[in-house]
Amino acid sequence: MLGLDGLRGLAALYVVLFHCWLYTFPGYPHSSAPAWLDVLMFGRLAVVFFLVLSGFSLAISPARHGWRSGGVAQFLRRRAWRILPPYWAALAMSLVISRLLVPASHFGPPTGASIVVFGLVAQDMVHAPTPNGAFWSIGVEAELYVLFPLLLLVRRRLSATAVVACVTLPVIALGLTAPHANPVEGDNRLALHLAPVFVAGMIGAAIVVASERVRRLPWAWFAVLAAAPVLALGYGQGSVWTVHHYFWIDLAVAPAMTMLLAAVATGRPAILVRLLTTRPIRSLGDFSYSLYLIHLPIVMVVIRRVAPHFVSPGMPTFCFTLLLALPVSVFGSWLFSRVFEMPFKRNRSWKSMTAAGRSRRPVKGARDGPRLPEGQPAES
């Protein structure tokens with residue numbers, strides 16, 4: 001849908017900037033970076049936005065068809081086909097880099113358990129040394145995909161309120177009963193906590209298929225009003241406090257994110273939609289998943305292996321990383337997506353992918369026969 005890919009691309013780019021900042025300046029969240037760079041320390045919220053956007057995008061089609069998924073097995077197969085091939089390719093790349101160049105975790109280089117756990121996308125349920133610190137959210141998203149058909153069933157049989165209550169009330173109860181009413185989160189078991197933000201996106205998808213009167217409501221302004229108290233609280237308490245209270249901040253910011261998506265999906269504000277649909281941003285959105293998957297090993301190699309030979313720690317390393325790791329990550333992700341992501345976006349099975357490959361191959365003895373344009377999928 002127009003604009004949504006652009007938002008996804010910008011969020012992925014922000015995550016890259018966050019990791020450039022994070023691994024340059026030690027002590028997170030009490031960073032040694034200049035205070036004016038604190039705006040880059042909220043990479044977690046970009047991932048929350050990804051989850052809201054995922055729920056929103058996945059629910060648009062079911063919302064148009066009575067909240068039916070079109071078959072659980074078919075839905076899960078399509079999600080696996082879309083998500084797993086580039087993820088497994090990025091996993092292989094990350095394993096090599098973290099074993100040979102720079103460990104991705106303070107627990108040390110990945111082990112055999114890492115290969116099994118991350119290969120099965122079970123990292124949110126089982127701990128193992130990570131080969132890529134960005135992979136934690138892939139495990140969360142995989143669990144939410146499995147839960148998605150059940151959420152649709154509750155939405156169809158009961159109501160939107162029932163879906164929200166089923167996933168949000170247990171999370172709120174968990175938070176309120178934790179010491180100091182603020183649970184300390186680990187590296188996994190985050191799907192339960194983040195399910196409400198995914199569901200917020202699901203519920204927001206109904207706006208896209210609602211009546212024209214509902215669609216024309218000022219959703220962008222509603223998003224601003226919903227975000228204002230959260231932003232004011234975070235600004236008043238400070239960046240460190242905000243990071244330590246992500247458990248609640250995630251829940252509080254999800255409605256604003258949902259209304260922003262609804263605004264863009266319904267074409268408003270027009271100036272923002274035009275910006276998001278410009279060719280560079282739209283192109284960035286096309287390979288944003290690849291960018292998310294492979295950027296962190298590149299950033300860490302630059303910061304820990306390359307930069308020390310040329311610049312001093314601190315701001316010089318940060319600037320050096322932006323100049324080198326950022327373009328390498330973007331261009332490398334584009335190349336990576338051409339091989340490991342785009343073929344699986346354009347084709348829905350091995351059969352159609354093989355047919356597309358054959359159609360691009362010139363016929364022996366043919367001179368000027370018809371040929372499928374580069375990058376265009378064959379019909380399956």
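**Close-up views of a predicted model**

**View 1. Pro 269 turns up in the loop between α11 (246-265) and α12 (270-276).** Helices here are DSSP runs of H or I with at least four residues, strands are runs of E with at least two, and both are numbered from the N terminus. Arg 268 and Pro 269 are joined by a cis peptide bond, with omega at about -10 degrees. A quick word on the model: it is predicted, so to speak about local features a pLDDT of at least 70 is needed, side-chain atom pairs count only at pLDDT 80 or more, and totals for chains, interfaces and linings use all residues. Residues are numbered from 1 along each chain as its sequence is written, and side-chain values use heavy atoms, with hydrogens and water left out.

**View 2. Tyr 28 and Pro 29 are linked by a cis peptide bond.** Omega is near 0 degrees for this bond. Pro 29 sits in the loop between α1 (4-24) and α2 (43-64).

**View 3. Val 121 has a positive phi, although it is not a glycine.** The angle is about 55 degrees, and you'll find Val 121 in the loop between α4 (112-119) and α5 (136-157). Val 121 counts as buried because its relative accessibility is 11% (buried is under 20% relative accessible area, exposed is over 50%, and partly exposed is in between, using a 1.4 Å probe and protein chains only). Skipping neighbours within four places in sequence, Val 121 is in contact (heavy atoms within 4.5 Å) with Leu 84, Tyr 87, Ile 138, Gly 139 and Ala 142. Take Ile 138: it is 17 residues from Val 121 in sequence, with the two C-alpha atoms 7.2 Å apart in space.

**View 4. Ala 181 is another residue with a positive phi that is not a glycine.** Its phi is about 55 degrees. Look for Ala 181 in the loop between α6 (160-177) and α7 (191-204). With a relative accessible area of 30%, Ala 181 is partly exposed.

**View 5. Cys 20 is in no disulfide.** The structure holds 0 disulfides, each of which would be a pair of cysteine sulfur atoms within 2.5 Å. For Cys 20, the nearest cysteine sulfur belongs to Cys 319 and is 11 Å away. Cys 20 counts as buried, at 0% relative accessibility.

**View 6. Ten named residues would crowd the labels here, so just pick out the ends of the list: Ser 94 and Met 300 are among those lining the largest cavity.** Others in the lining include Ile 97, Val 102, Asn 132 and Leu 296. Two helices, α3 (72-100) and α14 (288-306), each supply at least two of the lining residues.

**View 7. The stretch 366-380 belongs to a chain that averages a pLDDT of 91.** That score is the predictor's confidence in each residue, from 0 to 100, and 94% of the residues reach at least 70. Over residues 366-380, though, the pLDDT is below 50, and this stretch has 20 contacts in the model beyond near neighbours in sequence. Where pLDDT is low, the predicted coordinates should not be read in detail.

Notes. On a 1 Å grid over the protein atoms alone, a cavity is a set of points where a 1.4 Å probe fits but cannot get out, and a pocket is an open set with protein on both sides within 12 Å along at least five of seven lines; lining residues have an atom within 4 Å of a point.
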